[in-house]
Amino acid sequence: KYSTTRNQLLDQLAYSLGGRAAEELIFHDPSTGASNDIEKATALARAMVTQYGMTEAIGAIKLGTDTSEPFMGRDYGHQRDYSENVASVVDAEIRKLIEKAHQEAYDILEANRSILDEMVLQLLEKETLNKEEIAEIFSKVTAWPKRPAWTGSAHHWWSNGSRARVQCNQSPAAACRMTRSTAGRPRRVRS
């Protein structure tokens with residue numbers, strides 16, 4: 001597979017933060033055990049914002065320069081080539097992506113708490129579970145609703161020629177949800 005959709009990346013973010021969310025749900029006190037997951041989720045969210053153009057506030061532009069020299073065995077990482085104001089927006093967008101993913105992971109675990117507990121009991125009893133046993137336990141998981149369509153801008157048209165309807169929580173620069181508008185006119189709907 002050569003490309004990954006925004007929703008698949010959002011799924012990866014929620015999946016990455018599932019361990020942390022489970023600690024909070026079960027123990028009410030997170031540990032350092034999820035630090036690597038948090039690091040990976042943050043790197044993915046940063047890439048979504050600065051490389052993949054997956055937030056409305058930044059748009060479809062690449063921010064930063066890659067200073068790696070893979071053939072020299074060096075990787076100096078990502079170098080910032082944008083203002084402090086843009087850096088502040090980038091940080092806010094990363095935080096929003098992480099917080100939403102964390103909340104989604106927590107909500108999914110909470111909705112399926114009985115299944116989580118069932119798996120714990122099975123593991124305590126057998127110590128290991130095979131693929132079929134895990135599939136049997138997970139067959140009872142409540143499906144999570146699909147996210148609304150997202151095109152990245154209030155100015156895009158759907159392929160059928162109708163205009164996209166945008167639902168915003170705060171301002172036009174805030175991340176907005178795109179839905180089909182049957183009237184064919186763009187509308188910003190404050191929720």
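**Salt bridges, a pocket and a surface patch**

In this predicted model, Asp 117 has a relative accessible area of 30% and is therefore partly exposed. Its side chain meets that of Arg 113 in a salt bridge, with 3.0 Å from N to O. Both residues belong to helix H5, where four residues, about one turn of the helix, separate them. Arg 113 likewise has 30% relative accessibility and counts as partly exposed, because that class covers values between the 20% limit for buried and the 50% limit for exposed residues.

Helix H5 spans residues 113–126 and also holds Leu 121. With a relative accessible area of 56%, Leu 121 is exposed. Together with Val 120 and Leu 124, Leu 121 forms a nonpolar patch on the surface, and the accessible area of the three residues together is about 320 Å².

The count of salt bridges in the model comes to eight. One of them joins the side chains of Glu 104 and Arg 147 at 2.9 Å, N to O. This pair links distant parts of the chain, 43 residues apart: Glu 104 lies in helix H4, and Arg 147 in the loop between helix H6 (131–138) and strand E3 (164–168). The two partners fall into separate classes of accessibility. Glu 104, at 18%, counts as buried because its value is under 20%, whereas Arg 147, at 24%, is partly exposed.

A further salt bridge connects the side chains of Lys 126 and Glu 133, with 2.8 Å from N to O. Lys 126 is partly exposed at 37% relative accessibility, and Glu 133 is partly exposed with a relative accessible area of 25%. Elsewhere, salt bridges with shared partners bring Asp 11, Glu 104 and Arg 147 into one network.

Asp 11 leads on to the second largest pocket, which contains about 430 Å³ of space. Sixteen residues line this pocket, and those closest to its centre are Asp 11, Ala 14, Tyr 15, Ala 105 and Ile 108. Which helices each supply at least two residues of the lining? They are helix H1 (6–16), helix H2 (18–27) and helix H4 (84–111). Helix H1 gives the most, with five residues. By character, the lining residues of this pocket divide into seven nonpolar, five charged and four polar.

Asp 11 thus appears in two parts of this account: among the residues closest to the centre of the second largest pocket, and in the salt-bridge network with Glu 104 and Arg 147.

Terms used. Residues are numbered from 1 along each chain as its sequence is written. This is a predicted model: local features need pLDDT of at least 70, side-chain atom pairs count only at pLDDT 80 or more; totals for chains, interfaces and linings use all residues. Side-chain values use heavy atoms; hydrogens and water are left out. On a 1 Å grid over the protein atoms alone, a cavity is a set of points where a 1.4 Å probe fits but cannot get out, and a pocket is an open set with protein on both sides within 12 Å along at least five of seven lines; lining residues have an atom within 4 Å of a point. Grid points are joined across faces, edges and corners, and a volume is the space filled by probe spheres set on the points. Ala, Val, Leu, Ile, Met, Phe, Trp, Tyr, Cys and Pro count as nonpolar, Asp, Glu, Lys and Arg as charged, and the others, Gly among them, as polar. Patches are made of residues with over 30% relative accessible area and no salt bridge: like charges are joined within 9 Å, nonpolar side chains (Val, Leu, Ile, Met, Phe, Trp, Tyr) within 5 Å. Accessible areas come from the Shrake-Rupley method with a 1.4 Å probe; for residues, only the protein chains shown count as cover. A salt bridge is a side-chain nitrogen of Lys or Arg within 4 Å of a carboxyl oxygen of Asp or Glu. Buried means under 20% relative accessible area, exposed over 50%, partly exposed in between (1.4 Å probe, protein chains only).
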